[in-house]
Amino acid sequence: MASTIFIQTPFQSKSLNKSLNTHFVPSFKLPVSLSFKPRTAPFSKRVHIRAGLIEPDGGKLVDLHVSKPERELKKREAASLPKVKLTPIDVQWVHVLSEGWASPLTGFMRESEFLQTLHFNSLRLDDGSFVNMSVPIVLAIDDLQKASIGESNRVAFLDSDDKLIAILTDIEIYKHPKEERIARTWGTTAPGLPYVEETITNAGNWLIGGDLEVIAPIKYNDGLDRFRLSPVELRKEFERRNADAVFAFQLRNPVHNGHALLMTDTRRRLLEMGYKNPILLLHPLGGYTKADDVPLSWRMKQHEKVLEDGVLDPETTVVSIFPSPMHYAGPTEVQWHAKARINAGANFYIVGRDPAGMGHPVEKRDLYDADHGKKVLSMAPGLERLNILPFRVAAYDNTQGKMAFFDPSRAQDFLFISGTKMRTLAKNKENPPAGFMCPGGWEVLVEYYASLTPSDNDRIPQPIAA
C-alpha cells in the first residue's frame, strides 16, 4: 500500500484561479508560524512548530450521550414512544454519531443534510462556513414503521435484543431516493456493491432524521471494547503523551512491513520538520466489512503482534478501532475517513492506493481509478485544513530482503505482493519472503485461514453490538 500525508497549513486560499486551486503540494508544508527569509531548503531551522491538536469540525466535538442521572427518566419516556428496531449496522452508525466522529452532526440526517451530502459532499453551518460530509448517515424505515410513528415527534430505537439504544427527537420523515443515493455515493448502480446489498436494496422507502439522545455508550462485549476509544478519549491520550503531531493510518487489512515502512518513515520526516513527539494513530476500521475481508478480531490480534515484535513502537503508537461501517465508495468515502480523523485530533493522515476502493462488482477491473482518492482529497470542500503529500510506493526489495520504497531505476529487483497473493500463501500455510511481515503477525494470518471451513464462505462472523 502506498501513502499520502495530509498536513494542516496556516494559509488557505478561498478563491479559484483559472485552474482549480488545490491543497496538493510537492513537499511538506508546515502547520506553523513562519518567520524566516526566502527558503533555500525544504525546511528551515527558523520554523516554529505550533503546539496543540487540530480543532474538530464546527469547533467542538458533539457528545450525544444522555447523562447518567437522566438515563432512568429517558427509559421511562421511551416506554410510551413508537419503537423502531435497528440493525447491527444501524447501531454502528449510532455509535459513530454519539461519540462525535461526524461532528457537528447531532443525529441521523434530515433531508436538507442528506441532499447537501449527496450533491455537495459538505454541510453549510449556521455561520456560513462548510465542513466536509461525503457519506450519508441516514436511517431507513418502511411503510409500516412510518405508519406506527404517525404524528409522534419522537421515536425510541431498540437493538436486535429489544434493548433501548437511543431516542430520536424532533424527527423528520422523507422519501428514500435509493437509486439517486447509490449513484451519487458510488458513482455506479451496478449490482453487487456490498454495502448497498447489505443496507439499501431491501431497506424501507423512507428515511427518518432527527437529534439523537443515546442512552449509554455502545458496547460490543467482544473483548475489543478497550480499543474503541472515542475522539474525546483519543485527544486525551494524545495530550497525555505530549503529542505535538498526530498522524493517522486507517486500514482494514493485516499490517505488513510495507505499511510499517510508510508509518515509520512518516514519523522520521515529521521529526526532521521539527516536531518533537509525533504520535501514530493506527486506526483499523471496526464496523461492517465485506465477506472476504479479514474479520476485526483477527486483525486486532495481528496488529498486537506487530507491536509485540517491535515492527512499530508502542511508545509512539496508539492502536484504536474506528467504529464506522465500510461503504467501499472510493474517493467519496475516503473524504469521510479523513474528516472523522480530524475530529479525533489527527492533523496528518496516511492514505493508500485506491483508498476505500474495491474491484468492480461486474467487470474485471477496479471500480475506481487508483489515484483519484488522493486527488479528490486535495480539492475536497471542508478539508482545506489538510494538505496532501504525493506518496512513495513500497514493495519487496529482493536485493535487501525487506520492504523498501520502490526504485524505478531497478524495477527488476522489486516484487509486488498483492492482497490476493498474500491470502493464497496464508491459506496454503506457505511463508512469504522473509521481511514481508513479522513472523508473529503472519502466524495469526495463517491461523485465521486455517480456522475457516467451506461453509464459512471465507468469513468468520463478526460480533454485533450488545
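Which exposed residues does the face of H7 turned away from its buried side carry? In the predicted model, this face of the helix carries Lys 236, Glu 239 and Arg 240.

Helix H7 spans residues 231-240, and its buried residues are Pro 231, Leu 234, Arg 235, Glu 237 and Phe 238. These residues lie on the same side of H7, because the arc that they cover around the axis is only 160 degrees. Such a pattern accords with helical geometry: with 3.6 residues a turn in an α-helix, residues three or four places apart point the same way. The packing partners of the buried residues of H7 comprise two helices, H2 (88-99) and H10 (330-343), together with the strands S11 (245-251), S12 (278-284) and S13 (317-319). After H7 comes Asn 242, with a positive phi near 55 degrees.

A second site concerns Phe 406, which is located in the loop that links strand S17 (402-405) to strand S18 (414-415). Phe 406 is classed as partly exposed because its relative accessibility is 27%. Beyond its neighbours within four places in sequence, the contacts of Phe 406 are with Val 393, Ala 394, Ala 411, Phe 414 and Phe 416. The C-alpha atoms of Phe 406 and Arg 392 are separated by 7.3 Å, although the two residues stand 14 residues apart in sequence.

As to confidence, the protein has a mean pLDDT of 87, with 85% of its residues at 70 or more. Residues 1-49 remain under 50 in pLDDT, and the model gives this segment 132 contacts beyond four places in sequence. The pLDDT is likewise below 50 over residues 460-466, a stretch with 23 contacts in the model beyond near neighbours in sequence.

Terms used:
Residues are numbered from 1 along each chain as its sequence is written. This is a predicted model: local features need pLDDT of at least 70, side-chain atom pairs count only at pLDDT 80 or more; totals for chains, interfaces and linings use all residues. Side-chain values use heavy atoms; hydrogens and water are left out. pLDDT is the predictor's confidence in each residue, from 0 to 100. Contact means heavy atoms within 4.5 Å. Helices (H or I, at least four residues) and strands (E, at least two) are DSSP runs, numbered from the N terminus. Buried means under 20% relative accessible area, exposed over 50%, partly exposed in between (1.4 Å probe, protein chains only). The arc is that of the directions from the helix axis to the C-beta atoms.
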